[in-house]
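These are my notes from an afternoon with a two-chain model, written down in the order in which I looked things up.

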Amino acid sequence: MSTGGDFLFIVSSMFALGGAVGTVLAKSPLRAAMSLLLTIISLAGIFLTLHAHLLAAIQLIVYAGAVVVLFVFVIMLLGPESTTPAGEFRGLMTRTASAAIAAIVTGGMAFSLVRTSMPYVNIHQCPEGAECGQFGGVVGLGSELYSNSVVPFELISVLLTVAIVGSIAIARGRTQAEAKEVRERRAARAAGDADQAAREAKLTAEVSAHGGH
Amino acid sequence: MGIEIGLGEYLALASVIFGIGAMGFLTRRNMLIQLMSIELMLNSVNVMLVAFNRYMPENHTGQIFAFFVIAVAAAEAAVGLAIVISLFRLKQTVETDKADALRH
């Protein structure tokens, strides 16, 4: 029994749970992002206890280094309006129902999983065989990635390219030329409206002048 | 230490984090925090995949799956945040209830 691995698991899972609760309950999105960061770093620790060194590093680089930073960028871009002030949580009915669903599913799953007599998994227990030291490392995971799952790996690059192009297309807004065109169209419409209003005013004046006689 | 940490504890942790994320997604109105809850759920699934891979260490299938989940989650976060920015430009808010153009 590895006391170090157990200790790391217990500490990391405490922090992960605390961070998850903080993410869900935080009033301001920035605090939620920081709690999410805490959860992600703790889950990297959990990956370490599972002998998945490369995935722990990827978790830190991709999630803590890219996704959370992207969240913080967007929160900073939106400014104080990114906090929705009143009525942040949904109504009592929705809240109770969703809490009940989540509690039932989670409680049932967690209870049944802990009760199951699963084998002991820890960081020092190596699989039988020579490649024990490579499990979860760069060599083991990389050779698996480039031999058996090379097609999904290449497809992931296509997916990321599409996501980049799509997010630029969604978030870019109007270019200056398009904005100018829209402004000109709006100005032309306003000018037309003003013309018509002037013509109508003239007509009314003529009618009233005529009626005066 | 009295308790032994087995596969069950890892799966229980993952399912509890998944439940917290699901509850956050259902109860919050702020779209940014809903996206963060989705990230929580994806992360908990990653923990499950890696724990099962540790249980059967003959190959790396679970870790490869977790790798792909991380890549898809990164793409999803980028697109989701772009949608948040676009919604904010349209409605000056990030409340999901205000995005009701297709409702009536």
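I began with the pair formed by α2(A) and α2(B) in this predicted model, and I found the two helices packed at an angle of about 5 degrees with their axes 10 Å apart. Since angles under 35 degrees count as roughly parallel, α2(A) and α2(B) are therefore roughly parallel to each other.

I then listed who makes this contact. From α2(A) I noted P29(A), A32(A), A33(A), L36(A), T39(A), I40(A), L43(A), I46(A) and F47(A), and from α2(B) the partners are L32(B), I33(B), M36(B), E39(B), L40(B), N43(B), V47(B) and V50(B). Sorted by class, the residues of this helix contact come to 14 nonpolar, two polar and one charged.

Next I widened the view to the chains as wholes, where 67 residues of chain B are in contact with 77 residues of chain A. On the side of chain B that touches chain A, the elements giving two or more residues are α1 (7–27), α2 (31–55) and α3 (61–91), and α3(B) gives the most, with 21 residues. I recorded the make-up of that side of chain B as 42 nonpolar, 16 polar and nine charged residues.

I also asked which residues touch the most other members of the largest nonpolar core. Within its 68 residues, these are F47(A), F71(A), I17(B), L32(B), M36(B), V47(B) and V50(B). The core draws two or more residues from each of α1 (3–25), α2, α3 (53–78) and α4 (92–115) of chain A, and likewise from α1, α2 and α3 of chain B.

V50(B) is on that core list, so I followed its contacts beyond four places in sequence, and they are F47(A), L50(A), A52(A) and L55(A) in chain A, with G62(B), Q63(B) and A66(B) in chain B.

My last residue was R90(A), which lies in the loop between α3 and α4 of chain A. Is R90(A) buried or partly exposed? It counts as partly exposed, because it has 16 C-beta neighbours inside 10 Å. Setting aside residues up to four places away in sequence, R90(A) touches R95(A), T27(B) and R29(B). I also checked R90(A) against T204(A), 114 residues away along the chain, and their C-alpha atoms are separated by 55 Å.

Before closing the notebook I copied the confidence values: the model scores ipTM 0.92 and pTM 0.81, while chain B averages a pLDDT of 87, with 96% of the residues scoring at least 70.

Definitions and conventions: Residues numbered from 1 in each chain as written. Chains lettered and ligands numbered in written order. Predicted model: local features only at pLDDT ≥ 70, side-chain atom pairs only at ≥ 80, totals over all residues. Contact = placed C-beta atoms within 7 Å. Helix = DSSP H or I, 4+ residues; strand = E, 2+ residues; numbered from the N terminus. Nonpolar A, V, L, I, M, F, W, Y, C, P; charged D, E, K, R; others polar. Axes fitted to C-alpha atoms, helices over the stretch in contact; angles between N-to-C directions. Parallel < 35°, antiparallel > 145°, perpendicular 65-115°, else oblique. Core = buried A, V, L, I, M, F, W, Y, C linked by C-beta atoms within 7 Å. Buried ≥ 20, exposed ≤ 12 C-beta atoms within 10 Å, placed from the backbone. pLDDT = per-residue confidence, 0-100.
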